[in-house]
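Please open the model in your viewer, with side chains available for display, and follow the stops below in order.

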Amino acid sequence: MAMRRTAAAPAAVAVAVAVLTLLAAGGGTHGATAAAAPKTAETAQACGVLAPGASTAAEKAVAAACEQIGVWYTWGGGHGQQPGPTYGQVDPSDPDSAHDPERLGFDCSGLVRYAYHRAAGGDPLPGNAHHQFNSPQARQRFTAAQGTAPLLPGDLLAWGSGGSVHHIAIYLGAGKMVEARESGTRITVSDVRLGGDYAGAVRIAPATAPGTFSTWGTDVWTHEEPSTGSPRVHRFPGPATVRVECQKHAQPVTAEGYTNDVWSYLPEYGSWITNIYIKGAAWLDGVPTCP
C-alpha cells in the first residue's frame, strides 16, 4: 500500500502541475474555459455580417442580434414597453413553452424588434412577425422564388402562408441567418430554410417616409372601427412608427387635456387609431380622407 501511495504521488503532482499550467495559459475547467476563452477567427465569424453591401443600420442590427446568441427563446419575449429581453408566456399550443415564463429572452419578432431598435433608435419594428414583414419601414421586397441571391445582411426572412407570417429571422449573408426559433432552444445561427412555407424577405430602411408618423403614449390600442367601443386589435406598449393610409372624422376622444375626433387607418394592422395618439396636427398633413 505504501508503494502505491508513493507511486501515485508523483502522478498527482504531475497532474496538478499540468492543471496549473493550463490555468496560467487561459484554460481551466469547462466552465472557466467557456468564460475566459478568447474568440478565434472561426467563432468571431459564427454570427456577424457575412457579405458586403448592407447599410450601416442593417449591419448594426446584425451585430445587435448576434450579441444575443445563447439567450433563451421565450414565447412573447421582447415585447415589453421598451425593446429588450423579457420573461415569456406559455403558448397553449406548444408544450415546450412550459418554462418560458421563467426564461428571460426573446421570441422571433422580439429579437428583430430589439436589433433594429439598437440599430436605428426608437422602436421602428413593433408588433409580431406579420406586422414586421408588412412594416412601412420595408423599402424592398423579395419573393420566395428569388431565394437568397438578392439578399443582403440585415434583411428579414419570413415564413407563413395565406398572407399570415408566423416566423421571422435576420439574414447574415452566405446562406446563414440568426433567429430565435422556438421554445426550448436558444438564439442561434442557422442555415436559411427556403423550403416549406418560406414566404420571402424584406429590406428594412428605418426612415420617415410620406404617410409615416410616430405614436405617443403607452398601452395604446388600435380598434376594428374608428370607435373606442369597437373590438381592440393591436396594442402599442410604447411609441411606435406607423403608416397612415387615410383618416376621417368619427368618435371624439379626449386624452391629456386634448380632444380630437379624427381617426387614422393603419393598413399594416388592418385597424384604426385615434389621432389623439399620433404626433402631429389634429388632421394629419398630407394624408387623404378615407372614403
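Begin by selecting C290, which counts as buried because its relative accessibility is 9%, under the 20% cut-off for that class. Keep in mind throughout that this is a predicted model.

With C290 still highlighted, add C246 to the selection: a disulfide joins C246 to C290, with an S to S distance of 2.0 Å. Looking along this link, you will find 95° about the S-S bond, and the link is right-handed. The pair connects distant parts of the chain, since C246 lies in strand β14 (residues 246–255) and C290 in the segment after β16 (271–274), 44 residues apart. C246 is likewise buried, its relative accessible area being 9%.

Move next to C47 and C66, whose sulfur atoms are 2.0 Å apart and form a disulfide. Here the torsion about the S-S bond is about -75°, so this disulfide is left-handed. Distant parts of the chain are again linked, with C47 in the loop between α3 (41–44) and α4 (56–66) and C66 in helix α4, 19 residues apart. Both C47 and C66 are buried.

How many disulfides does the count come to? The count comes to two disulfides, and when the bonded cysteines of the protein are numbered in sequence order, the pairing reads 1-2, 3-4. For one further cysteine, select C108, which counts as buried because its relative accessibility is 8%.

Now turn to a sheet, and colour its strands separately. Three strands form this open sheet in the order β1-β3-β2, with mixed pairing. The edge strands are β1 (72–73) and β2 (86–87), each of which pairs on one side only. Where β2 meets strand β3 (residues 104–106), two bridges join the strands, which run antiparallel; select Y87 to see one particular pairing, its bridge partner in β3 being L104.

The last stop is T74, found in the loop between β1 and β2. Is T74 buried or exposed? T74 is buried, because its relative accessible area is 0%, which falls under the 20% cut-off. Display the contacts of T74 beyond four places away in sequence, and you will find that T74 touches T86, Y87, G88, Q89, D100, R103, L104, G105, F106 and D107. This list includes Y87 and L104, the bridge partners already visited. Finally, zoom in on D100, whose backbone oxygen is reached by the side chain of T74 at 2.8 Å.

Notes: Residues are numbered from 1 along each chain as its sequence is written. This is a predicted model: local features need pLDDT of at least 70, side-chain atom pairs count only at pLDDT 80 or more; totals for chains, interfaces and linings use all residues. Side-chain values use heavy atoms; hydrogens and water are left out. Two strands pair if DSSP finds at least two bridges between them. Helices (H or I, at least four residues) and strands (E, at least two) are DSSP runs, numbered from the N terminus. Buried means under 20% relative accessible area, exposed over 50%, partly exposed in between (1.4 Å probe, protein chains only). A polar contact is a pair of N or O atoms within 3.5 Å; within protein, one must be able to donate a hydrogen and the other to accept it, and residues adjacent in sequence count only if both atoms are side-chain atoms. Contact means heavy atoms within 4.5 Å. A disulfide is a pair of cysteine sulfur atoms within 2.5 Å.
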